[in-house]
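This report introduces a protein structure to a reader who has not met it before. Please view the sequence and the model first; the description follows.

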Amino acid sequence: MTDDELRTELLRRMEVDQDIRRQAAESSSQEFMARWMDIDRDNTTWLWSVVRVRGWPLWSQVGQDGEAAAWLLAQHADAAPDIQREFHSALSAAVDQQEAKRAHLAYLADRVRVNAGRPQLYGTQFVEDGTGFRPHPIEDRDQLDLRRASVGLQPFAEYEFEIRRFQDGNG
């Protein structure tokens with residue numbers, strides 16, 4: 001697969017990923033949820049096959065939009081936590097090469113930690129738990145904004161405001 005073909009496929013898969021999520025507000029039937037899970041599972045399997053052969057899709061190979069698409073697919077690999085951890089490792093190597101966005105690594109690090117039952121580091125992951133919409137537990141909250149700034153993320157209070165506004169349908 002050429003870099004251009006890989007970029008095209010990453011962008012196509014990202015569009016499918018986002019389309020099913022946009023539809024979620026309209027349907028929560030078992031059939032719909034099964035389709036959503038099938039899409040995530042297929043994307044995870046496909047991205048894993050790419051990463052095993054080529055490594056993480058780098059900016060110099062697939063552009064910033066292609067790398068962002070790969071990151072999004074990795075974020076949604078929750079049903080395969082072992083593979084998601086491998087994605088994190090591959091993305092970390094790409095960040096070290098300055099070939100991927102440091103903020104993407106922060107989001108994926110939080111996702112991996114939350115899926116492992118550990119507190120997140122950057123405060124990127126929220127949950128509706130029946131008692132309200134809140135961030136998953138955050139490690140060393142006093143240092144949160146320093147960690148966020150170190151990876152190019154806005155202060156947590158601004159991010160939380162935006163997330164809550166979006167969750168309330170005002171975003």
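Q98 is exposed, as its relative accessible area of 65% lies over the 50% cut-off. The model in which this value was computed is a predicted one. Q98 is placed in the loop between α4 and α5, and its phi is near 60°, which is a positive value in a residue other than glycine.

A further residue other than glycine with a positive phi is D140, where the angle is near 45°. D140 belongs to the loop between β2 (133-135) and α6 (144-150). With a relative accessible area of 43%, D140 is partly exposed. The table sets out the two residues.

| Residue | Phi | Loop | Relative accessible area |
|---|---|---|---|
| Q98 | near 60° | between α4 and α5 | 65% |
| D140 | near 45° | between β2 and α6 | 43% |

**Helix α5**

The loop that holds Q98 leads to α5, a helix of 14 residues covering residues 102-115. From its first C-alpha to its last, α5 reaches 20 Å, close to the 20 Å expected at 1.5 Å a residue. How is α5 placed relative to the rest of the structure? Of its 14 residues, 12 are buried, so α5 is largely enclosed by the rest of the structure. Among the buried residues are A103, L105, A106, Y107, L108 and A109; the charged residues D110, R111 and R113 also belong to the buried set. Against which elements do the buried residues of α5 pack? Their partners are α3 (59-75), α4 (81-96) and α7 (156-167). After α5 comes G117, which has a positive phi, near 80°.

**Helices α1 and α3**

Helix α3, one of the packing partners of α5, also meets helix α1, which spans residues 3-23. Two packed helices are described by the angle and the distance between their axes. The axes of α1 and α3 come within 8 Å and cross at roughly 40°. The two helices are therefore oblique to each other, and their crossing is left-handed. On the α1 side, the contact is made by D3, L6, R7, L10, L11, R13, M14, D17 and Q18. On the α3 side, the residues are Q61, V62, D65, G66, A69, A70, L72 and L73. Which classes of residue make up this contact of α1 with α3? By class, there are 9 nonpolar, 3 polar and 5 charged residues.

Key
Residues are numbered from 1 along each chain as its sequence is written. This is a predicted model: local features need pLDDT of at least 70, side-chain atom pairs count only at pLDDT 80 or more; totals for chains, interfaces and linings use all residues. Side-chain values use heavy atoms; hydrogens and water are left out. Helices (H or I, at least four residues) and strands (E, at least two) are DSSP runs, numbered from the N terminus. The expected span of a helix is 1.5 Å times one less than its number of residues. Buried means under 20% relative accessible area, exposed over 50%, partly exposed in between (1.4 Å probe, protein chains only). Contact means heavy atoms within 4.5 Å. Axes are lines fitted to C-alpha atoms, for helices over the stretch in contact, and angles run from 0 to 180 degrees between N-to-C directions. Angles under 35 degrees count as roughly parallel, over 145 as roughly antiparallel, 65 to 115 as roughly perpendicular and the rest as oblique. A crossing is left-handed if the near helix is turned anticlockwise from the far one by less than a right angle, and right-handed if clockwise.
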